[in-house]
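Subject: Structure handover and notes

Dear colleague,

Here is the structure I promised to pass on to you, with my notes below it. Please read the notes with the structure open beside them.

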Amino acid sequence: MKNRLEALRKNRGIKQEELADALEVSRQTIGSLENGRYNPSILLAFKIARYFGLSIEDIFLYEEDAP
């Protein structure tokens, strides 16, 4: 699943550590999310969306596999 997390974070001048603290996760979790190596739990996805004032769909881009 692709996401816009890194772009959103950088556009607001927020460091990975600051975002991690606000979301109560590790900086490594933020890095893994931004690099697409980790998909968030639904709870974390909601926390991220609320933090940025956006919907989950505005941040996380779901792409179904082509048949």
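Directly after helix 3 comes Gly36, whose phi is positive, near 75°; please bear in mind, here and throughout, that this is a predicted model. Gly36 belongs to the loop between helix 3 (27–34) and helix 4, and its relative accessible area of 44% makes it partly exposed. Although Gly36 and Asn3 are 33 residues apart along the chain, their C-alpha atoms are separated by 7.5 Å.

A positive phi also turns up at Glu24, where the value is about 60° although the residue is not a glycine. Glu24 is placed in the loop between helix 2 and helix 3, and with a relative accessibility of 67% it counts as exposed.

Helix 3 itself is mostly covered, since six of its eight residues are buried, namely Thr29, Ile30, Gly31, Ser32, Leu33 and Glu34. What do the buried residues of helix 3 pack against? Their partners are strand 1 (2–3), helix 1, helix 2 and helix 4, and several of the residues described below belong to these elements.

Asn3, to begin with strand 1, has a relative accessible area of 19%, and it is classed as buried because the cut-off for that class is under 20%. Its side chain makes two polar contacts with backbone atoms: one reaches the backbone nitrogen of Leu5 at 2.9 Å, and the other reaches the backbone oxygen of Leu33 at 2.7 Å. If neighbours within four places in sequence are left aside, Asn3 is in contact with Leu33, Glu34, Ile59, Phe60 and Leu61.

Leu5, whose backbone nitrogen is reached by the side chain of Asn3, is in helix 1 and counts as buried, with a relative accessibility of 0%. Leaving aside neighbours within four places in sequence, Leu5 is in contact with Leu19, Leu33, Glu34, Ile48, Phe52 and Ile59. For one of these pairs, Leu5 and Glu34, the C-alpha atoms are 5.9 Å apart in space, while the two residues are 29 residues apart in sequence.

Glu34 also has a charged partner in helix 1 (residues 5–11), where Arg9 is found. How far apart are the side chains of Arg9 and Glu34 in the polar contact that joins them? The distance is 2.5 Å, and Arg9 is buried, with a relative accessible area of 7%, just as Glu34 is listed among the buried residues of helix 3. Not counting residues up to four places away in sequence, Arg9 touches Ile14, Lys15, Gln16, Leu19, Glu34 and Phe52.

The packing of helix 2 on its neighbours may also interest you. Helix 2 and helix 3 pack at an angle of about 110°, with their axes 8 Å apart, which makes helix 2 roughly perpendicular to helix 3. On the helix 2 side the contact is made by Gln16, Glu17, Leu19, Ala20 and Leu23, and on the helix 3 side by Arg27, Ile30, Gly31 and Glu34. Sorted by class, this contact between helix 2 and helix 3 comprises four nonpolar, two polar and three charged residues.

Helix 2 (residues 16–23) also packs with helix 4 (residues 42–52), in this case at an angle of about 115° and with the axes 10 Å apart, so that helix 2 is roughly perpendicular to helix 4 as well. The crossing of helix 2 past helix 4 is right-handed. Leu19, Ala22 and Leu23 of helix 2 make the contact with Leu44, Lys47, Ile48, Tyr51 and Phe52 of helix 4, and by class this contact has seven nonpolar, no polar and one charged residues.

Finally, a note on the segment after strand 2 (60–61), which is where Tyr62 lies. Tyr62 is exposed, with a relative accessible area of 65%, and its C-alpha atom is 13 Å from that of Ile42, the two residues being 20 residues apart in sequence.

With best wishes

Terms used:
Residues numbered from 1 in each chain as written. Predicted model: local features only at pLDDT ≥ 70, side-chain atom pairs only at ≥ 80, totals over all residues. Heavy atoms only, no water. Helix = DSSP H or I, 4+ residues; strand = E, 2+ residues; numbered from the N terminus. Buried < 20%, exposed > 50% of the residue type's maximum accessible area, 1.4 Å probe, protein only. Polar contact = N/O pair within 3.5 Å; in protein donor to acceptor, adjacent residues only side chain to side chain. Contact = heavy atoms within 4.5 Å. Axes fitted to C-alpha atoms, helices over the stretch in contact; angles between N-to-C directions. Parallel < 35°, antiparallel > 145°, perpendicular 65-115°, else oblique. Left-handed = near helix turned anticlockwise from the far one by under 90°. Nonpolar A, V, L, I, M, F, W, Y, C, P; charged D, E, K, R; others polar.
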